[in-house]
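Let's take a walk through this model, starting where two chains meet and finishing with a pair of packed helices.

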Amino acid sequence: MTTEAIQLTPEQIKTSRNSKMVFTEWQVSDKVFYGLLAIIGLFILTAAISFFYVEHHGHYVTGMNNQVVWGMPHVFAIFLIVAASGAANIGSLGTIFNKKEYQPLGRLSLVMAMALLLGGLAVLVLDLGHADRLIIAMTYYNFKSIFAWNIILYNGFLVIMAVYLWSMMDRQKLAKKFYKPLGYIGFMWRFILTTGTGSIFGFLVARQYYDAAILAPLFIAASYVFGTACFILGLVFFYRFSQRDLGQDIQNRLRYTLAIFIVLVLFFEMVRHLTNLYATEHHGVEAYILSGGDKITWLFWLGQILLGSLLPLLLIWLPSLRNNQKALLSAACLAIFGGLNQLYVIIVGGQLYPLALFPNASVESSFADGVVATYSASLPEIALGVGGVALSVLAIVIAVKVLRLLPERLQDE
Amino acid sequence: MPASPTIHRFIIMLLAAFLVGCDSNPPELMAATKVFETEQQTKLHIAEMRTNHMHLLTHKRDETMYSGIRTAKHSLNACIDCHVPMPTAQKVVKHTDAEHFCATCHIEVAVKLDCFQCHADRPALKTAEVAK
Amino acid sequence: MNRVEESKDQSTNLIDRYRRQFLGGLGITTAAVTLAPSVLLREVQAKPDDEAVTNEVRWGMLIDTNKLPDGGDSMVAACKKEHGWGDDPNASPAQQSQWVRKVTFKDKLTQHETSLPVMCQHCETAPCVDVCPTGASFKRADGIVLVDKHICIGCRYCMMACPYKARSFVHEHLENQQPHSPRGIGTVESCTLCVHRIDKGEQPTCIEAAPPKAAVFGDLNDPESKISKALAKYGAQQIRADLGLNTGVRYWGI
């Protein structure tokens with residue numbers, strides 16, 4: 001295994017431009033690779049320790065309680081799952097929409113999607129009150145539950161992406177026959193999967209902040225933001241560290257794609273909030289989220305809207321920052337940060353606001369009725385969530401090192 | 001080159017060492033607080049339970065939960081009332097103790113029990129008195 | 001007011017007659033059940049142990065908040081004692097299980113204050129049953145919504161889905177549980193309508209602990225039962241009736 005970047009002579013570049021795209025493993029020094037693995041391994045170790053700690057003592061050691069039943073681990077888990085769906089989009093753009101510029105990126109896109117999904121599922125499963133009963137979840141199904149459907153959708157996603165990847169990587173004619181069909185199947189499956197994830201919340205009549213059909217398309221739009229942002233970060237990172245050339249063309253395409261999706265998310269959020277503000281029934285929860293002055297309000301306006309949506313748009317569209325890679329990376333990071341804020345506001349914020357058992361009345365009880373609940377993420381929860389991210393990164397890093405996923409050149413034509 | 005008899009014997013002894021843990025007789029179980037009328041009933045009960053107790057536990061519990069069937073044969077409390085001594089001021093036998101009826105075998109074969117995460121592992125005063 | 005006094009009389013007769021019938025009829029009941037179960041008018045009668053429950057019966061409760069001077073505190077205390085929830089040693093107050101709680105609300109316009117005990121409403125189309133991925137949250141044929149803790153994986157989705165916040169999650173290892181009320185770590189729990197008592201022909205412990213005439217329990221499918229008659233005569237309210245869940249627990253005075 002070479003430890004230097006493959007240097008092609010100008011003649012080689014000229015001839016290979018007319019031949020097929022070449023994919024090679026990620027070439028990076030052992031020091032960098034194993035150093036990276038060590039850092040990732042540390043985060044995974046912390047997550048493992050936190051899982052065993054919570055599993056041994058019970059969930060009383062976490063910040064989650066009977067009012068806020070889903071906390072930080074679920075924010076991370078759902079982020080990773082939604083990002084997985086969006087990361088696979090780059091592959092779809094090449095396969096279904098026949099955009100030739102994206103086709104070389106298909107392999108990395110699919111592997112990233114699978115890795116992100118694995119990380120998200122790991123966090124979700126490890127937070128269960130009875131993680132040892134996972135086999136029950138795989139064998140006892142209540143088909144009215146969107147959760148049960150999601151289990152099938154997530155596992156199916158992994159299978160489809162794996163076969164789709166094979167159709168990209170295997171040079172046999174048989175494999176190539178599967179390329180287009182799986183592209184379409186994968187695309188539809190992704191839509192259903194992300195609709196299912198949004199519907200986890202959208203189907204709940206109980207909570208004032210959920211029970212909205214718009215959550216499904218909102219999650220689909222968000223998946224494109226998260227997935228594209230993660231893909232940008234991964235792509236630039238792998239190319240920088242193996243001294244490959246990443247052309248401005250592809251970076252700009254990804255840049256403006258990200259911007260369009262951020263605008264789409266803003267649109268859906270705006271429609272959602274405006275509709276809620278129109279209905280008296282939802283005034284309470286909207287006032288709490290948008291102007292309650294609580295932590296949640298800061299996370300929404302500062303975290304999600306300003307830093308997570310408007311600032312990335314600025315960084316992407318400012319003429320003076322055109323072709324600026326640092327601006328692109330910052331925009332992607334901010335979009336991810338904004339996404340985490342968005343999910344926190346949806347998942348935790350939706351639970352902090354009390355249930356409306358008796359509208360038009362002030363309510364109190366010994367079970368936090370009528371009052372806004374409090375939630376403070378505990379260290380085991382954060383460690384588990386971050387560990388899921390680390391698991392995804394580990395999977396991607398090992399995959400690009402071992403498999404031929406990265407195009408040799410992505411220079412401008 | 002054929003191995004010498006000495007090496008053969010050594011290998012057999014080494015392998016035999018692994019058989020030390022193998023004992024087909026189950027460990028000594030704590031005596032039940034109630035006895036059957038006849039010896040034959042006791043033997044039948046022991047034989048049936050040794051073969052079937054897990055099957056009975058997993059399927060009868062569903063019948064109780066979903067259909068509300070609560071005969072004595074469906075009741076875990078009935079097993080506990082017989083096989084676990086009533087707690088006294090001096091001694092309480094819990095499922096984490098080695099001498100607890102269920103724990104004796106389960107510790108021996110290292111199979112985790114999660115029944116007592118939810119179910120009471122000892123008789124309650126009231127049911128024990130009713131049983132008398 | 002007329003309606004209150006009328007219902008007071010009605011309820012006195014209701015509960016007393018019920019009690020007489022139940023205690024006196026035990027002998028007859030057990031015999032009659034084996035001969036002709038469908039012929040007998042049912043109050044709460046013990047079904048045979050080996051017989052499966054059917055949807056001929058739908059259990060329900062009617063709580064008259066006007067007759068609860070303590071707002072249901074005694075009912076909450078009785079439930080705590082029967083099932084052993086409420087003082088798990090390690091859980092924080094927000095993590096402590098609450099199968100039933102007293103909720104006090106004051107209407108913003110009228111400033112009228114009402115207190116009532118709120119527990120699992122045993123909805124006919126329960127959202128918690130719909131969302132459970134494994135089917136652990138289920139509705140028994142006779143209308144009682146339960147958690148099969150054997151297959152509960154502790155995902156807490158049912159807790160998100162319940163409009164009444166009736167469900168609690170057990171956050172720690174428990175020991176010395178009540179034998180008739182298993183509850184354990186990592187699973188979700190809620191009011192079982194004292195299913196262990198119902199199956200023996202008794203009534204829920206909160207009904208017994210409630211002040212006289214304040215709460216009735218019975219078969220909603222039997223038009224001759226005390227509860228059905230009271231509901232037919234005076235109607236009743238559901239909490240969050242707008243959700244259309246057709247709850248088994250109804251209230252007067254909310």
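**From a shared strand pairing to a helix crossing**

Start with one residue: A:Ala361 sits opposite C:Asp107, which belongs to strand 2 of chain C. Keep in mind that this is a predicted model. The two residues are part of a pairing between chains, in which strand 2 of chain A and strand 2 of chain C (residues 100-107) run antiparallel over 5 bridges.

Now zoom out to the whole meeting place of these chains. Here 38 residues of chain A are in contact with 46 residues of chain C. On the chain A side, the elements giving two or more residues are helix 6 (134-139), helix 7 (146-169) and strand 2 (361-365). Strand 2 of chain A gives the most, with 5 residues. By class, this side of chain A splits into 20 nonpolar, 14 polar and 4 charged residues.

Next, stay in chain A and look at helix 9 (residues 215-241) against helix 13 (residues 325-352): their axes are 9 Å apart and the packing angle is about 140°. Because of that angle, helix 9 of chain A counts as oblique to helix 13 of chain A. The crossing of helix 9 past helix 13 in chain A is left-handed. Helix 9 of chain A brings residues including A:Ala222, A:Phe226 and A:Leu233 to the contact, while helix 13 of chain A brings, among others, A:Leu329, A:Ala332 and A:Gly339. This contact has 13 nonpolar residues, 3 polar ones and no charged ones.

Last stop, chain B. Its domain assignment gives domain 1 (37-74) and domain 2 (75-132), and the C-alpha centres of these two domains of chain B lie 16 Å apart.

Notes. Residues numbered from 1 in each chain as written. Chains lettered and ligands numbered in written order. Predicted model: local features only at pLDDT ≥ 70, side-chain atom pairs only at ≥ 80, totals over all residues. Contact = placed C-beta atoms within 7 Å. Helix = DSSP H or I, 4+ residues; strand = E, 2+ residues; numbered from the N terminus. Nonpolar A, V, L, I, M, F, W, Y, C, P; charged D, E, K, R; others polar. Pairing = 2+ DSSP bridges. Domains from an automatic or database assignment. Axes fitted to C-alpha atoms, helices over the stretch in contact; angles between N-to-C directions. Parallel < 35°, antiparallel > 145°, perpendicular 65-115°, else oblique. Left-handed = near helix turned anticlockwise from the far one by under 90°.
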